[in-house]
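Me: I am new to reading protein structures. Could you walk me through one, a feature at a time?

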Amino acid sequence: MNLKNISTSVPKKDHKGKVSGQLPYISDVKVENMVYGVLYRSPIAYGKIISIQLPTLPEGYEAVGAEHIPGPNYVKIIKEDQPIFANEWVNYIGEPILMLTGKDLDILYSLLNEVKVEFEEHQAIYTLDEAIKQKSVSSVLANYEFGESLENISAIEQGAHQIIEEEYDTGYQEHVYLEPQGMLAVYKDDEIIVQGSMQCLYYIKNALLSALACGDDEVRVVQSPTGGGFGGKEDYPSMMACHVAVAARAVKKSVMLVFDRSEDMLVTTKRHPAKLKYRTALDKEGNILSMCVDIFLDGGANVGLSSVVLQRALINSAGVYKIPHFHAKGYVLKTNTVPNGAFRGFGAPQSFAGIESHIGHLSKLAKIDPLEYKRKYLVKQGDPTITKGKFRDPILVEEMIEDVLNVSEYKKKKEDFQRLNQQNQRYKKGIGTSLFLHGCGFTGSGERDHIKATVKLVKSKDDQVSLKISNSDMGQGILTTLCKIVAKELDLPFEDILYPYPDTKEVPDSGPTVASRTTMIVGKLLERAAKKLKNQWQTGVEQEIVEHYVHREMIPWDEKTFTGDAYPAYSWGVNIVEVEVDTLTGNIKLEKVYGNYEVGKVIDERIMKGQIDGGLAQGLAYGYLEKMTSKQGRIQQKSISDYGPPTSLDVVSIESKVFDNPYADGPYGAKGAGELTLIGGAPAVQAAIEDALQTSFQQIPITPEVIIESLWMKEGEEG
Amino acid sequence: MVEKITAYRFERLDETLSQLNREDCAIIAGGTDVMVLHKSRRGVPPKIPKPIVFINHLSELKQVYQHHKDLHIGACCTYSELLENPLIPFALKNAIKTIAAPAIRNRGTLGGNICNASPAGDMLPLLYVYNAKLLLRSVNGNRMVTISDFIQGPRRVQRFHNEIVTEIILPSVLEDSHVVFEKVGNRNADSIAKVSFAGSIRISKDRIDDIRFAFGAVGPTIVRSVDIEKKLVGKTIPLDGADIAAIGSAFDKIIRPIDDQRSTAAYRKTVALHLLRYFLSMKQYQPN
């Protein structure tokens, strides 16, 4: 199929394998001389390991622990604070202490029950609130502060008509990728091959080089077909890779480690619970004079990627608004709970839920329709960002709003719902909006300083072109979209471009598959490489083209002062959500969802629709449906039905539209799209619930329990 | 390691009953509860400690028929089969539609839902309201027991190991009654009830002839009180506020839910009472 318009959908590269069920995921793989690994995990939240007593192990069964790690005992991510196998202190329930390996899982599970570890238990910190209360030097894992000086803000507040303070809480979110985490280390005398479900091949490779203290050619990372990631397979797989690789080295066999759903839900990373505090000075008409935002993220037991998550949360703390005199600071605090990590949106969903809620509440004070109030503050092309960067490119949000207002008949519905709600005592309808953006690519100078992406195109003698990059298709469709870009550039049929599952032996480091960077950054490099290949094309000759990332310098990012252009480009979105709330049960029924987006240029319409529908389902659920709690350091929901992600009966028809606004540094103008689509869901659903019930909430998820408490229990209604 | 499992699958009910008389077995109808109950960790098959007897294929257990005014439902009718059957009352079908998802409904059976005796069993509140009786059969003969006597507590039922529940009998099927069922779950499919409510009311000449209600997932077994129901018999519709309040506070005293990973005790109780009051406050009731 030759591509006239890049956006026209094509069958996905992996369509047949997935639909037929033939594509083998990691848990389907069996190799020679393979044993299984199972992990002994800490049963306590915080304490010192005194002794470890192993049962007598039958022949072929072995124990692997910290003493078997050739290199330093930490998972290389950013800081050296996450042990591969905890051997001195344990910091959360579920922290791995040792692995047992052997052929039979049944025997391994019973041996696991006989492992005896003695601990000296210490007082743990279980919640973000406790951590905030005790905020000591040791519990702050990261912090940043920026914006207008507090003296100036204090002076403005002195002259203000009113100061509004709000506290807002967001909960955990679990990725619920369809395929739980799994990793296999294939043992060979001169090489360990680690394969599994993953987003970031070179993160894993670097972690393995450190843990195994080995040479570059002694370890190799291969991606298996990956059944969903959502960020959950950004950082966590590095730890599992260390476990299986260390074990394979120790027992000289191939080692497979696969989680079932409950283990995955109990011990893998989640979205950071957050507390956001707003302090806003208003004039008599309700106009904003100044705003201070404090953000606290629950990092869990170690920092992992939390500092970077906090950066994105802070950079998005003013939403899509130009707020006069803005100040923000943020902290990641340590608690003795499961470490929190990357999750689609990466700190931004917390911030957008918070700021959209706050601005919505301010609009009520000003007695202006929330959307009208928000539009007064909307950033425009040329405006500065809150970090003194600049919104360089055209911003289409006004057009997007106008369009969705018409399509949804927003004004008419608002009136209709008010009338209907007066007639119906039990069911109340509401409509809410959200405005949001997503900074595409790594925060700050990450692409230039840390990632330095390289891509390669290889043409064989028979003129077959293959993509050699380290990015993972985890369901988001890059096997298809990136091949389309190369095919179009080379004017070849899309089916003729190959993109085998990446293997670090074959592919250069084109960076991790995160941050909505793949299409924009890697896609652009591939577009350039393809252009070059086309110019140099020699039929019947092997050719290789390599392209390196080139940074377009704007206002340089300075992490210390938290100033400069945090992102090269932004994608934008507007959501409108209609709900019906059952005031007797607090249950929320989604009735209709609208989304308008601007992502530069769509590379494949159907794949974009997949991102929109899936991102919205996940984002809406974050606002009202999915609920995860931790009690005394233990995650309470260990099954999908207890956690409650949306089923097909919970998602309604989503009417969406994507606006063209090509971006010069993206392939065919494309920017990032994957994370954007999640961000607007929760704030829009909150606004709709508030509209239905004519009340305010200070948290997500707004579960039926929260609604019933706010509607009835506070009034002491009983009998 | 290969484990041997003994499993029986007889062609006829009497053979099955003979085997059950010889040996204590785990009975599997649809398996949707038994398999979950005995689930092992990943990669290891479920461990069922007794020999297994499959009964879901037995035609004796799959009949649905009307006898006099009673509706007899074979214990091994799957939910999907009941949804298709014209004899099954509309209210019961509504409850069935809230159960899990089609794949589970193709396997799960009404008898299984009863014998699993979960406090959150989706069919139970309505069966209590229908005054369902269960026919149990063994080599020694038949016996009949009411559902409220049969279910003793979570996963505890009054069944001897040589017996099978063969039929669920709904006496006189509440023909002239208005019957409701409401399930409150955390989502619209594949969810376990946080609270559920079933109610029925029969009215003649604006007076209540018969009224029943039952609550699920708010205690170790379904909560129903015939004594409280009696207080309303003979009252005129619409009920006045004081009567509704009195019934509400009577149930307030006997509903004792718990906090767990799915909801809170406070929520369960509040919502259970809301649904009760809503049912009692209706201006008119239509037989359905």
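Reply: Happily; we will go from whole chains down to single residues. One thing to keep in mind is that this is a predicted model.

Me: Let's begin with the big picture. How many helices and strands does chain A have?

Reply: Chain A has 20 helices and 26 strands. To judge how such a chain is packed, set its radius of gyration beside what the globule rule gives for its length. For chain A the radius is 26 Å, close to the 27 Å the rule gives for 719 residues, so chain A is as compact as a globular protein of that length. Its C-alpha atoms fill a box of roughly 75 × 70 × 50 Å along the principal axes.

Me: And what are the numbers of helices and strands in chain B?

Reply: Chain B comes to 11 helices and 13 strands. The radius of gyration here is 20 Å and the rule gives 19 Å for 288 residues; these are close, so chain B too is as compact as a globular protein of its length. Along its principal axes, the C-alpha trace of chain B spans about 65 × 45 × 30 Å.

Me: What share of each chain is buried?

Reply: In chain A, 64% of the 719 residues are buried. In chain B, buried residues make up 52% of the 288. You can also look at the surface: chain A exposes about 26400 Å², with 49% of it supplied by carbon and sulfur atoms. For chain B the accessible surface is about 13100 Å², and 51% belongs to carbon and sulfur.

Me: How do I read contacts along the sequence?

Reply: Take the contacts between residues at least 6 apart, and ask what part joins residues at least 24 apart. In chain A that part is 81%. In chain B it is 62%.

Me: Now a single helix, please. How do I check the length of α10 in chain B?

Reply: Use a rise of 1.5 Å a residue. Helix α10(B) has 14 residues, 241-254, and should therefore span 20 Å; its end C-alpha atoms are 21 Å apart, which agrees.

Me: Which residues of α10(B) are buried?

Reply: They are B:Asp243, B:Ile244, B:Ile247, B:Gly248, B:Ala250 and B:Phe251. Look down the axis and these residues cover an arc of only 160 degrees, which puts them on the same side of α10(B). The face turned away from that side carries the exposed residues B:Gly241, B:Ala242 and B:Lys253. The cover over the buried residues includes β13, α9 and α11 of chain B.

Me: What caps the N-terminal end of α10(B)?

Reply: That is B:Asp240, with a side-chain oxygen 3.0 Å from the backbone nitrogen of B:Ala242.

Me: You mentioned α11(B). How many of its residues are buried?

Reply: 13 of the 16 are buried, so α11(B) is largely enclosed by the rest of the structure. It reaches 23 Å from first C-alpha to last, close to the 22 Å expected.

Me: Can we try the buried side of another helix?

Reply: Try α1 of chain B, residues 13-22, where B:Leu13, B:Thr16, B:Leu17, B:Gln19 and B:Leu20 are buried. Their directions fall within an arc of 160 degrees, so they line one face of the helix. Their cover includes β1, β2, β3, β6 and β10 of chain B.

Me: Now single residues. Where is B:Glu60 found?

Reply: B:Glu60 is in the loop between β3 and β4 of chain B. Its relative accessibility is 32%, which lies between the 20% and 50% cut-offs, so B:Glu60 counts as partly exposed. Neighbours within four places aside, B:Glu60 is in contact with B:Arg12 and B:Leu13. A polar atom of the B:Glu60 side chain lies 2.9 Å from the backbone nitrogen of B:Leu13.

Me: Is A:Gln611 buried or exposed?

Reply: At 14% relative accessibility, A:Gln611 counts as buried. This residue lies in helix α16 of chain A. Beyond its neighbours within four places, its contacts include A:Arg344, A:Gln476 and A:Gly674.

Me: And is A:Ser138 buried or exposed?

Reply: A:Ser138 has 61% relative accessibility and therefore counts as exposed. You will find A:Ser138 in the loop between α3 and β7 of chain A. From A:Ser138 to A:Ala274 is 136 residues in sequence and 19 Å in space, C-alpha to C-alpha.

Definitions and conventions: Residues numbered from 1 in each chain as written. Chains lettered and ligands numbered in written order. Predicted model: local features only at pLDDT ≥ 70, side-chain atom pairs only at ≥ 80, totals over all residues. Heavy atoms only, no water. Helix = DSSP H or I, 4+ residues; strand = E, 2+ residues; numbered from the N terminus. Expected span 1.5 Å × (residues − 1). Buried < 20%, exposed > 50% of the residue type's maximum accessible area, 1.4 Å probe, protein only. Arc of directions from axis to C-beta. Contact = heavy atoms within 4.5 Å. Polar contact = N/O pair within 3.5 Å; in protein donor to acceptor, adjacent residues only side chain to side chain. Rg over C-alpha atoms; globule rule 2.2 N^0.38 Å. Areas by Shrake-Rupley, 256 points an atom, 1.4 Å probe, with all protein chains shown as cover.
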